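Here's a quick briefing for anyone opening this structure for the first time. Have a look around, then use the notes below to get your bearings.

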Amino acid sequence: MAYAEPLNETETETEVNKQQITFERYQSKKEERKNQVKEVEYQIEESEVAEEVQYPLTRDEIELIAQVTMAEAEGEPEEGQRLVIDTILNRVDCDKFDDIVEGVIYAENQFSVMTNGRFERCSVQDKFVKLVEEESLNRTNSDVLFFRASYYHSFGTPLGAYGNTYFSS
């Protein structure tokens, strides 16, 4: 049976040095990865802070308007959906209507979906929430106060029709 010759002192030092260098590289790479992860986490946190927008409505008001909009105009073109939102927001700003979102929406005989069961069958969806957030910051139309399916109201000035919804000021 042949035995390997024992390593001489120089060869042993070289092996130890190689192991030490390998370990140091490993530690260095590990630290580098850790720093990269921290940097990515910092960038994510920084971008989240930068993107936070203050809306002139509460989250409950945004979701209420979104649900009404879905109930009133779910199958309509986006422009019509935006005008439904603007109708609510413009009424809040108008002296002829209540000055709070809930007051405008729950006013008697103003939105048919509030009494015909459609509102309760709808849920808050992100698509409509996003539209409400956008319109709350920059309205498509600041004159619209009324809308009706199929034809214009007998009062107000016609502004246009989108899909099956007719809007008036």
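**Salt bridges and the core**

Let's start with one arginine: Arg139 counts as partly exposed, because its relative accessibility is 29%, and partly exposed covers what falls between under 20% and over 50%. Keep in mind that this is a predicted model. From here we'll go through the charged pairs, then the nonpolar core.

**Arg139 and its partner**

- Arg139 pairs up with Asp93 in a salt bridge, and their closest N and O atoms sit 2.8 Å apart.
- Asp93 is in helix α3 while Arg139 is in the loop between α6 and β1 (146-149), so this pair ties together parts 46 residues apart in sequence.
- Unlike Arg139, which is partly exposed, Asp93 is exposed, with a relative accessible area of 54%.

**Arg82 and the network**

- Another pair to look up is Arg82 and Glu135, a salt bridge with its closest N and O atoms 2.7 Å apart.
- Here too, distant parts of the chain get linked: Arg82 belongs to helix α3 and Glu135 to helix α6, 53 residues apart.
- Buried or exposed, these two? Both Arg82 and Glu135 are buried.
- Asp93, for its part, is exposed at 54% relative accessible area.
- There's also a network here: salt bridges with shared partners join Glu78, Arg82, Lys130, Glu134 and Glu135.

**Arg118 and Glu74**

- How many salt bridges turn up in a search of the whole structure? The search finds seven.
- One more of these pairs is Arg118 with Glu74, where the closest N and O atoms are 2.6 Å apart.
- Arg118 sits in helix α5 (residues 118-121) and Glu74 in the loop between α2 and α3, so to speak far along the chain from each other: the pair links distant parts, 44 residues apart.
- Both partners are partly exposed: Arg118 has 23% relative accessibility, and Glu74 has a relative accessible area of 37%.

**The nonpolar core**

- The largest nonpolar core holds 30 residues, and the ones touching the most other members are Ile65, Val68, Ile88, Val101, Ile105 and Phe111.
- Four helices each supply at least two residues of this core: α2 (59-73), α3 (78-93), α4 (101-106) and α6 (126-137).
- Which helix gives the most to this core? That's α2, with eight residues.
- For a closer look, pick Ile105: setting aside neighbours within four places in sequence, Ile105 is in contact with Leu64, Ile65, Val68, Ile88, Phe111 and Met114.

Key: Residues are numbered from 1 along each chain as its sequence is written. This is a predicted model: local features need pLDDT of at least 70, side-chain atom pairs count only at pLDDT 80 or more; totals for chains, interfaces and linings use all residues. Side-chain values use heavy atoms; hydrogens and water are left out. A nonpolar core is a set of buried Ala, Val, Leu, Ile, Met, Phe, Trp, Tyr and Cys residues joined through side-chain atoms within 4.5 Å. Buried means under 20% relative accessible area, exposed over 50%, partly exposed in between (1.4 Å probe, protein chains only). Contact means heavy atoms within 4.5 Å. A salt bridge is a side-chain nitrogen of Lys or Arg within 4 Å of a carboxyl oxygen of Asp or Glu.
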